[in-house]
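Please look through the structure shown below, and then work through the questions that follow it.

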Amino acid sequence: MTVNIAASGSLRNRLVLTLIGGAAILALVLFFAIRNYATQVAQQGQDNILSASVSSILDAATLRDGAVELDIPYASFSMLSTASDDRVFYAIYQDDVFLSGYEDLVIASVSGREKIFQTAKYKGTQVRVVSDSRTLIGKDKRTQVRVSLAQTQDALSGTLKLISLNAAVLGAGFFALTTLLSFWATSSTIGQLKRLTTSVTRRGPQDLSPFEKPVPVEMQPLVTSLNSLMGRLDHSLKQSEDFIAEAAHRVRTPLATVRSYAEATLQRVDKEENRQAMRSMVRAIDESSRAAGQLLDHAMITFRADHLKRDDIDLVALVDDLVERLRAIAQMKDLELRLLGDDHVPYSGDPILLQNAVRNLLDNALKYSPSEGVVDINVTAKPRVQICVCDGGKGFPKEDLDELATRFKRGTNAQGTIGSGLGLTIAKDVAVAHGGTLHLSNREEGGACASLLL
Ligand SMILES: Nc1ncnc2c1ncn2[C@@H]1O[C@H](COP(=O)(O)OP(=O)(O)OP(=O)(O)O)[C@@H](O)[C@H]1O
Ligand SMILES: [Mg+2]
């Protein structure tokens with residue numbers, strides 16, 4: 001019975017989504033980190049030039065006869081030239097009195113030696129402003145000259161755009177690469193699970209041996225539990241097989257004794273109703289001992305099939321031996337057993353299992369075909385190794401044909417015959433253990449054909 005387990009999401013999807021999500025966050029962090037750092041560096045560059053320019057202007061300021069003279073050097077502005085032709089504005093004050101330049105330029109109140117840098121809006125565009133001051137000392141006068149120098153940031157924002165684009169390309173590349181790596185990492189991780197699943201699925205239904213192939217550390221507890229589960233299962237299966245075998249054996253021996261007593265009593269009883277009762281008793285004993293025998297065989301076959309040992313044998317010799325042993329029983333029913341087919345069919349298999357299977361097929365042929373008939377036993381090597389037992393009876397009941405080889409199933413034609421419904425199951429199990437099948441069919445001219453295809 002297969003229980004369908006509901007799936008609670010997919011490990012692969014969860015892993016891929018987590019890894020891709022992580023990659024996206026990392027790509028964004030990378031993008032913003034590069035852009036911020038580049039902005040700082042570019043801003044620092046502009047600030048340095050503005051600072052040098054404002055210093056060179058202040059250096060040119062002199063105090064003559066109490067008046068400030070300032071002849072702005074050409075280099076002060078030329079060093080500010082950029083590829084984007086950024087505009088430059090300046091404002092010069094002497095002790096809070098406007099001297100020259102753009103009067104409306106915002107000017108920071110500077111005192112001391114520290115220059116002040118600001119980013120502001122001027123004439124509709126963003127500008128970077130640096131303000132600095134210098135104290136000029138004359139004979140009897142001290143005066144303070146303050147200069148503010150502003151420059152638009154077109155070149156800077158152009159550079160930043162380029163850097164942002166590069167950072168975006170880098171981030172996207174990083175993301176794409178990490179996504180590919182995520183798929184690879186996920187499929188190689190899930191691959192381990194898949195390999196385990198395949199090796200579990202590929203096992204035969206009888207294979208309860210432990211897994212011995214190395215598995216990743218994380219999967220070790222799962223495989224260990226699986227192995228211990230299979231160990232317990234194997235143990236309890238063996239126990240129940242042993243139990244059946246032991247029970248069948250214990251039942252069969254006293255039954256044989258009871259039967260011989262019942263037979264002896266039957267000879268001595270005269271009254272017809274008592275004789276009838278004794279006959280029913282003998283029949284019930286026969287049924288029980290047949291069932292016990294078949295159960296014993298079935299348990300033995302299940303065990304041997306699990307641990308199949310193959311010997312090199314000649315199937316024709318094996319079947320011939322059986323036929324000779326059953327010839328006496330067949331003669332009691334005036335049945336002829338004919339061994340046909342190849343002279344030798346070499347095969348590698350378990351002789352005890354194969355003999356048991358063929359004996360059950362011959363049992364059936366003797367049991368279900370009418371007297372004075374012929375049972376043909378065909379052993380051939382080609383097109384495949386097979387042993388066919390065909391009789392001249394009424395054939396298998398068509399309505400049961402598909403189920404006759406299942407445990408304890410007896411056909412509608414089995415009424416009145418002794419049997420337990422295990423013979424064909426045993427034959428089928430033996431064929432399957434050898435990698436083959438049991439095929440049941442009815443001959444056109446009448447009669448059943450049971451073929452062990454090996
Ligand atoms: N040669 C045959 N001709 C007609 N019917 C058959 C033949 N062989 C088997 N059957 C049918 O298939 C059924 C299953 O056969 P199977 O050998 O498994 O059990 P069984 O013969 O009833 O009992 P046992 O376990 O004692 O062999 C039989 O009960 C019978 O109905
Ligand atoms: Mg049978």
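**Ligand 1 and a disulfide**

Q: How far from an oxygen atom of ligand 1 does a polar side-chain atom of Gln 294 lie?
A: The model is predicted, and the distance here is computed from its atoms. A polar contact requires a pair of N or O atoms within 3.5 Å. The polar side-chain atom of Gln 294 meets this cut-off, since its distance from an oxygen atom of ligand 1 is 2.9 Å.

Q: How much of the area that ligand 1 exposes when taken alone does the protein bury?
A: Taken alone, ligand 1 exposes 590 Å². The space that ligand 1 takes up is the largest cavity. Of the area exposed by ligand 1 alone, the protein buries 99%.

Q: Which helix supplies the largest share of the shell around ligand 1?
A: The shell divides into seven nonpolar, nine polar and five charged residues. Helix H5 (272–306), helix H7 (351–368) and helix H8 (423–433) each contribute at least two residues to the shell. The largest share, three residues, comes from H7.

Q: Which residue has a side-chain N or O atom 2.5 Å from an oxygen atom of ligand 1?
A: Among the residues that come nearest to ligand 1 are Arg 290, Asn 413 and Leu 424. For Leu 424, a backbone N or O atom lies 2.8 Å from a ligand oxygen atom. The side-chain atom at 2.5 Å from an oxygen atom of ligand 1 belongs to Asn 413.

Q: How many residues apart in sequence are the parts that the pair Cys 390 and Cys 449 ties together?
A: Cys 390 and Cys 449 form a disulfide, with their sulfur atoms 1.9 Å apart. Because Cys 390 lies in strand S12 and Cys 449 in strand S14, the pair ties together parts whose separation in sequence is 59 residues.

Conventions. Residues numbered from 1 in each chain as written. Chains lettered and ligands numbered in written order. Predicted model: local features only at pLDDT ≥ 70, side-chain atom pairs only at ≥ 80, totals over all residues. Heavy atoms only, no water. Near = heavy atom within 4 Å. Polar contact = N/O pair within 3.5 Å; in protein donor to acceptor, adjacent residues only side chain to side chain. Areas by Shrake-Rupley, 256 points an atom, 1.4 Å probe, with all protein chains shown as cover. 1 Å grid on protein atoms, 1.4 Å probe; cavity = no way out; pocket = protein on both sides within 12 Å on 5 of 7 lines; lining within 4 Å. Sits in = over half its atoms within 2 Å of the grid points. Helix = DSSP H or I, 4+ residues; strand = E, 2+ residues; numbered from the N terminus. Nonpolar A, V, L, I, M, F, W, Y, C, P; charged D, E, K, R; others polar. Disulfide = S-S within 2.5 Å.
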